Amino acid sequence: MHALTFQGKETITYERVADPSVLAATDAIVKVEMAGICGSDLHVYHCRETGLDNGTVMGHEFVGEVVEIGRDVKRFRRGTKVFSPFTTSCGVCFYCQIGLTCRCEKGSFYGWVEKGSGLHGGQAEYVRVPLADTTLLPLSMDLTTEQGLLLGDIFSTGYFCADMAHIQPKGVYVVIGCGPVGLMAVVGAKNLGATQLYAIDTIPERLKKAQEFGAIPLNLLSEGSSLNSVDVVDKIKSVTNGRGADAVLEVVGSPSASRLAVDLVRAGGIISTVGVHTTEHFSFSPVEAYNKNLTYKVGRCPARFYAEKLIKEEIVQRYDIASIITHRFDLKNGAEAYRIFDRKEDNCLKSVLLT
Ligand code: NAD
Ligand code: ZN
Ligand code: ZN
């Protein structure tokens, strides 16, 4: 089959690799119809997260059709259209039972093979899905391919970020970063009842999208060209009697965004962050955290848990979440897709690959 493989820093190759096969009785093979490129793929692309073997098939967002099953797979059969969360999960371990499916004791992250072991990803014609019964979700008739793709990762992640922020109707909330995940956090916060919701970025098109989803946009770029976090902190203080935001949803994962979150949040407030942080230290001190009575919530989204919950709530039917998909590429043009997505060329917000 053909797949996009990692070949070192900023090098993605479309090449022929071995077809995946059923290795365990609980495996399924899915023929991929659509795969997403995620902001998290860029950490690998730029080698900010290291350890991945060259030749690893990239990608952890996909929708497709089950074409083969192991003998213990009971919930799916050949021909069923499915989507997958970005990690696999067993459904029965301690973490799966408490809803933290992303930390399943038997789980794997797609698109991560290190020293020969791990799981290849979904930016390919076919993908192997371990623990298929408790990982995959059926793409029901009322879900589009795009909605399934977004539920498997970024929509669930944005919603999880909003959920951790304990949204109350009268509160003041700020989302830092209006990339695909930040925009989904805006949708999640609105759905959870936020009325005064601000969204910060530097890219006008992304701020416009945040506004369409119901946020009040704040551009971090002042009239000149330097970053001006003082203005946004002043703005949020001016609407909260000098206190700061009740919760800040930090959806970037950088030290500067983290620093801004601390400056924006009020005493006793919450910072909820799903940005993948790759530095060794916090950009704020234990003293500052103490002096603010800060609650800091962070981590990987339990996407299996959230996707299942959100399907039942039919929230994806209420918001046009698929409108964030700005670019579609054939899988064979994957290297170019990565380049354009990475450089945000042509106002690229979210890219998908079609097999
Ligand atoms: P992205 O890079 O497309 O978006 C980040 C946005 O933040 C951009 O629009 C950028 O202009 C803006 N930005 C950067 N620095 C800023 C600052 N200091 N202040 C305000 N805005 C700033 O990324 P994305 O795809 O939306 O993903 C966001 C993060 O979420 C990434 O770190 C990604 O790896 C992570 N992620 C985490 C999970 C999880 O389970 N926790 C899942 C998916 C993605
Ligand atoms: Zn992702
Ligand atoms: Zn488990």
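Reader: At 7% relative accessibility, does R304 count as buried or exposed?

Author: This is a predicted model, so take what follows as computed from it. The cut-off for buried is under 20% relative accessible area. R304 comes in at 7% relative accessibility, so R304 counts as buried.

Reader: Which residue forms a salt bridge with R304?

Author: Look along helix α11 (residues 303-313), where two residues four apart are separated by about one helical turn. The partner is partly exposed, with a relative accessible area of 32%. The closest N and O atoms of the pair are 3.0 Å apart, and the partner of R304 is E308.

Reader: Which residues are joined into one network by salt bridges that share partners?

Author: The structure holds 14 salt bridges. Some of them share partners, and the network they make joins R259, D263 and E288.

Reader: How many residues apart in sequence are the parts tied together by R128 and D27?

Author: The side chains of R128 and D27 meet in a salt bridge, 2.7 Å from N to O. R128 lies in strand β8 (residues 126-129) while D27 is in the loop between β2 and β3, so the pair ties together parts of the chain at a sequence separation of 101 residues.

Reader: Of that pair, what is the relative accessible area of D27?

Author: R128 is buried, with a relative accessible area of 18%. Its partner in the salt bridge is D27. D27 is buried too, and its relative accessible area is 1%.

Reader: Which side chain meets K81 in a salt bridge?

Author: K81 sits in strand β5 (residues 81-83), and its partner is in strand β3, 48 residues apart. K81 counts as partly exposed at 30% relative accessibility, and the partner is partly exposed as well, with a relative accessible area of 35%. The N to O distance is 3.0 Å, and the side chain that meets K81 is that of E33.

Reader: And with which side chain does the side chain of T145 make a polar contact?

Author: T145 is found in helix α4 and is buried, with a relative accessible area of 11%. Leaving out residues up to four places away in sequence, T145 touches E33, M34, V63, K81 and L139. The polar contact is at 2.9 Å, and the side chain on the other end belongs to K81.

Reader: On to the metal: what are the protein donors of the zinc ion (ligand 2)?

Author: In sequence the donor residues are spaced C-x21-H-x92-D. They lie 1.9 to 2.3 Å from the ion, and the donors are C38 (SG), H60 (NE2) and D153 (OD).

Reader: Why do C38 and D153 tie together parts that are 115 residues apart in sequence?

Author: Both C38 and D153 are buried, and both are protein donors of the zinc ion (ligand 2). C38 lies in the loop between β3 (28-37) and α1 (39-45), so the place to look for the other end is D153, in the loop between α4 (145-152) and α5 (154-164).

Reader: What separates the C-alpha atoms of C38 and Y338?

Author: C38 is buried, with a relative accessible area of 3%. Not counting residues up to four places away in sequence, C38 touches H60, E61, D153, I154, F341 and K350. Y338 is 300 residues apart from C38 along the chain, yet their C-alpha atoms are separated by 9.6 Å.

Reader: Which residue takes a positive phi just after α12?

Author: Helix α12 (residues 334-343) has G334, A337, Y338, I340 and F341 as its buried residues. What covers them includes β1 (2-6), β2 (12-16), β3, α1, β16 and β17 (351-354). Just after α12 comes a phi of about 55°, taken by K344.

Reader: With which side chain does the side chain of H327 make a polar contact?

Author: H327 is in strand β16 (residues 327-330), where it counts as buried at 10% relative accessibility. Among the residues H327 touches are I340, E345, N347 and C348. The polar contact is at 2.8 Å, and its other side chain is that of D346.

Reader: What is the area of the nonpolar surface patch made by F94, Y95 and I98?

Author: F94 lies in helix α2 (residues 94-97), and at 52% relative accessibility F94 counts as exposed. Together with Y95 and I98, F94 makes a nonpolar surface patch of about 310 Å².

Conventions. Residues numbered from 1 in each chain as written. Chains lettered and ligands numbered in written order. Predicted model: local features only at pLDDT ≥ 70, side-chain atom pairs only at ≥ 80, totals over all residues. Heavy atoms only, no water. Donors = N, O, S within 2.8 Å, 3.2 Å for Na, K, Ca; no water. Buried < 20%, exposed > 50% of the residue type's maximum accessible area, 1.4 Å probe, protein only. Polar contact = N/O pair within 3.5 Å; in protein donor to acceptor, adjacent residues only side chain to side chain. Contact = heavy atoms within 4.5 Å. Patch = residues over 30% accessible without salt bridge, like charges linked within 9 Å, V, L, I, M, F, W, Y side chains within 5 Å. Areas by Shrake-Rupley, 256 points an atom, 1.4 Å probe, with all protein chains shown as cover. Salt bridge = Lys/Arg side-chain N within 4 Å of Asp/Glu carboxyl O.
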